[in-house]
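Got the viewer open? Load the model, switch to cartoon, and keep the selection box handy.

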Amino acid sequence: MQSVSVGHVFSVLVAGPTQSPTPNAAQRRSLLRRLARHTAPAPRPAWKALSRAPPVAPSAGAEALLCPCRLCYGKRRLLLLGASTALLPVLPSASLASGPSSDPAATLERIHPARPDWYEEIYAQAMEEFMRSYEAEVAVYKEKLFAQLTEKVEQVLELGIGTGPNLKYYAGVGDRYIIGVDPNKQMEKYARASAEAVGLQSTNFRFIRGVGEALDVRDNTMDAVIGSLVLCSVSDVAMTLREVRRVLKPGGLYLFIEHVAARDGSLLRFMQGIVDPLQQLVADGCHLTRETGKQISEAGFFKVNLQAAFLSSASIGSPHVYGIAYK
């Protein structure tokens, strides 16, 4: 949905200047339009030959200028929330230099040690409230994407399920069984409420506290894996994509929508590079400059259909890729 102050523009991008008056709505919209012009597509390598959706007019959510990633792993990276809770005990994600673990619980605790319940609850509540403008804008892409899940898709795993905003697009079809994976255990009650709201039986929903680098799921068992705003914040993208391929059945689908680095040489890409270190610090590891589309394309899937979109409500994380990878 990822630094220190460098002049007025950076101050406006993150939260407005600290001592001068906050820019009004018209000034913020003007800045967004300038950034959009600097992110116009340029000739790309073959894997980047993406169809680009037209920019959407900035919404009220755009004025907040938030990164869309969801605060820690799957959909949990709100820059504003991270800044407002910078003094809370956020523990840095551990390095995977020691290599992957065959024990999902051990890998979870190494990558994402448990936070206090009250802290994770703050994050869960924030996701319920602060992502609405983003979800409203991204809905057109999600509807197109999740329409590819036919009734034959019965076993689904969603990485970073969070509060369950995606469930309304795919949960209430046939006798579908869904596994939601998230490192924040406080997300479970929100995700279960979302599942119930769309008619999914409680017996057809399982919540696992875990991370994408080590899924507690058997090989070749999932018809589909879903990930939205997840790969920006995992500790190891390649390892996560290997896990996605491992749990998918032959011919299974990986549906994704991720924010990515802006075009090289653009003003937005320059600003992402400036903000990125702070974003990783206050948003628990979210990266603004990952070439996620390229990483998915090179992950060994049989086929990848990749498209691009520009979401104004995501501000500095506006460039997105979405699509389907086939095992």
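Start with the largest nonpolar core, which has 36 residues; select Leu 149, Tyr 170, Ile 178 and Leu 255, the residues with the most contacts inside it. A nonpolar core here is a set of buried Ala, Val, Leu, Ile, Met, Phe, Trp, Tyr and Cys residues joined through side-chain atoms within 4.5 Å, and buried means under 20% relative accessible area, with exposed over 50% and partly exposed in between (1.4 Å probe, protein chains only). Now colour the elements that give two or more residues to this core: H5, H6 (132-146), H7 (167-170), H8, E3, E4, E5 (248-259) and E7. The largest share, six residues, comes from H6. These labels are DSSP runs numbered from the N terminus: helices are H or I with at least four residues, strands are E with at least two.

A word on what you're looking at: this is a predicted model, where local features need pLDDT of at least 70 and side-chain atom pairs count only at pLDDT 80 or more, while totals for chains, interfaces and linings use all residues. Residues are numbered from 1 along each chain as its sequence is written, and side-chain values use heavy atoms, with hydrogens and water left out.

Zoom in on Ile 178. Leaving aside neighbours within four places in sequence, Ile 178 is in contact (heavy atoms within 4.5 Å) with Val 156, Leu 167, Tyr 170, Ala 171, Leu 200, Asn 204, Phe 205 and Arg 206. Apart from this core lies another, of 26 residues, among them Val 217, Val 234, Val 260 and Val 321.

Next, pick helix H5 (residues 117-130). Tyr 119, Glu 120, Glu 121, Tyr 123, Ala 124, Ala 126 and Met 127 are buried there. Try the distance tool too: at 1.5 Å a residue (times one less than the number of residues), the 14 residues of H5 should span 20 Å, and the end C-alpha atoms are indeed 20 Å apart.

Now show the strands. In what order do the seven strands of the open sheet run? Follow E3-E2-E1-E4-E5-E7-E6, with mixed pairing; two strands pair if DSSP finds at least two bridges between them. E3 (205-209) and E6 (303-310) stand at the edges with a single partner strand each, so one side of each has no neighbour in the sheet. The twist averages 15° from one strand to the next. Angles run from 0 to 180 degrees between N-to-C directions, with axes fitted to C-alpha atoms (for helices, over the stretch in contact).

At the E3 edge, add helix H8 (residues 187-197): H8 lies across E2 (177-182) and E3, running at about 160° to E3. Over at the other edge, E6 and E7 (residues 319-326) run antiparallel, joined by eight bridges. Phe 310 has Pro 319 in E7 as its bridge partner. Then click Ser 315, in the loop between E6 and E7: phi is near 45°, positive in a residue other than glycine, and Ser 315 is buried at 3% relative accessible area.

Is Asp 223, your last stop, buried or exposed? Asp 223 sits in strand E4 (residues 222-228) and is buried, with a relative accessible area of 14%. The Asp 223 side chain reaches the backbone nitrogen of Glu 154 at 3.0 Å, within the 3.5 Å limit for a polar contact, a pair of N or O atoms of which, within protein, one must be able to donate a hydrogen and the other to accept it, residues adjacent in sequence counting only if both atoms are side-chain atoms.
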